[in-house]
Amino acid sequence: MKIALMDSGIGLLPAAAAMRRLRPDADLVLSSDPATMPWGPRTPEDVTERALGCARAAADHRPDALIVACNTASVHALPALRAELEPGLPVIGTVPAIKPAAAGGGPIAIWATPATTGSPYQRGLIGDFADGVEVTEVPCPGLADAVQHADAEAIDAAVAAAAARTPRDVTTVVLGCTHYELVADRIRAAVQRPGTPPIALHGSAGAVAAQALRRIGADPFPPGDEVPAGGLTVLLGGREATLPETALTYAEGVLLAPVAPARG
């Protein structure tokens, strides 16, 4: 089995790590184009063009499914990606986990890039899945870039600024950008108020990985089963490379790093 994932940068690591846990034997293809980051401020047409470039590079490796592990690309490019690649290659998009977050009541805060915050796409999801729940959209300027570059000071500053814009009574935070899942612990610590129940964080990585397996009719392995380790192919701007050094500063990157090169 071979699963490809694409994103502008290392935001694909959480979904890749989730897939590695579900199917340790799967060969993974990680296709990104960090030189063109950030994608959020770009026009929908530009995002679509760059997403298609990453997807085509991944598709050349003949995966069984492609995960679009990027909220911005899923918003703007998913129809074009599916039109070009399906039905031969199933394409799985990433949707902010507003529905499961709203099931717990609220109040909810949705942390997302400035481009996604207030967008018709996100407002539509709120209307569809969080009707009657108190929701605050929180823009997080600079956070995705800080995570991409593993800039600890910039991450802390961006998280603190977003936390200051988050109402004090929220019980749940939706991580509306895949990069944010790499610093979930820092976000929780910044939002958690003394003497209150633990804040619930909702990301998309696990659900997206599970959906990819369902799309190709595959099951996860039971925990503890001994299986051969799958391979890893990294594509940066369409060229084979190694995981960026910044990826190895996160647990998800370390989980992927020791894996042997992908087989033919």
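Is arginine 50 buried, partly exposed or exposed? Select arginine 50 and turn on the surface: the residue is partly exposed, with a relative accessible area of 25%. Keep in mind throughout that this model is predicted.

**Stop 1: the helix 2 network**

Keep arginine 50 selected and add aspartate 46. Both sit in helix 2, which covers residues 44–59. They are four residues apart, about one turn of the helix. Show their side chains. Aspartate 46 and arginine 50 form a salt bridge, 2.8 Å from N to O.

Now add arginine 42. Its side chain also meets aspartate 46 in a salt bridge, again given as N to O, at 2.8 Å. Check the surface once more. Arginine 42 is partly exposed, at 26% relative accessible area. Aspartate 46 has 19% relative accessibility, so it counts as buried, the cut-off being under 20%.

**Stop 2: a bridge between helices 7 and 8**

Select aspartate 156 and arginine 186. Their side chains meet in a salt bridge of 3.3 Å, N to O. This pair links distant parts of the chain: aspartate 156 belongs to helix 7, arginine 186 to helix 8 (residues 184–191), and 30 residues separate them. Aspartate 156 is partly exposed, with a relative accessible area of 44%. Arginine 186 is partly exposed too, at 34%. Glance back at the previous stop: salt bridges with shared partners join Arg42, Asp46 and Arg50 into one network.

How many salt bridges does the structure hold? The count is nine.

**Stop 3: alanines in helices 7 and 8**

Stay in helix 8 and select alanine 190. At 28% relative accessibility, alanine 190 is partly exposed. Draw a distance from its C-alpha to the C-alpha of alanine 164. The line should read 8.9 Å, for residues 26 apart along the chain.

Next, select alanine 152. Alanine 152 is in helix 7, which spans residues 152–164. It has 37% relative accessibility and counts as partly exposed. Draw another C-alpha line, this time from alanine 152 to aspartate 60. That separation is 35 Å, with the two positions 92 residues apart in numbering.

**Stop 4: lysine 2 in strand 1**

Select lysine 2. Lysine 2 lies in strand 1, residues 2–7. Which side chain of opposite charge is nearest to lysine 2? Add aspartate 27 to the selection: aspartate 27 is that neighbour, 5.3 Å away. Lysine 2 is buried yet has no salt bridge. The cut-off for a salt bridge is within 4 Å, so the 5.3 Å to aspartate 27 does not qualify.

Now show the backbone of histidine 61. Its oxygen lies 3.1 Å from a polar atom of the lysine 2 side chain.

**Stop 5: helix 1 against helix 9**

Hide the side chains and go to cartoon view. Two packed helices are described by the angle between their axes and the distance between the axes. Colour helix 1 (residues 13–22) and helix 9 (residues 205–215). The two pack at an angle of about 55°, and their axes are 8 Å apart. That angle makes helix 1 oblique to helix 9. Which hand does the crossing have, left or right? Rotate until one helix lies in front of the other: helix 1 passes helix 9 in a right-handed crossing.

Note on methods. Residues are numbered from 1 along each chain as its sequence is written. This is a predicted model: local features need pLDDT of at least 70, side-chain atom pairs count only at pLDDT 80 or more; totals for chains, interfaces and linings use all residues. Side-chain values use heavy atoms; hydrogens and water are left out. Buried means under 20% relative accessible area, exposed over 50%, partly exposed in between (1.4 Å probe, protein chains only). Lys and Arg count as positive and Asp and Glu as negative; His and the chain ends are not counted. A polar contact is a pair of N or O atoms within 3.5 Å; within protein, one must be able to donate a hydrogen and the other to accept it, and residues adjacent in sequence count only if both atoms are side-chain atoms. Axes are lines fitted to C-alpha atoms, for helices over the stretch in contact, and angles run from 0 to 180 degrees between N-to-C directions. Angles under 35 degrees count as roughly parallel, over 145 as roughly antiparallel, 65 to 115 as roughly perpendicular and the rest as oblique. A crossing is left-handed if the near helix is turned anticlockwise from the far one by less than a right angle, and right-handed if clockwise.
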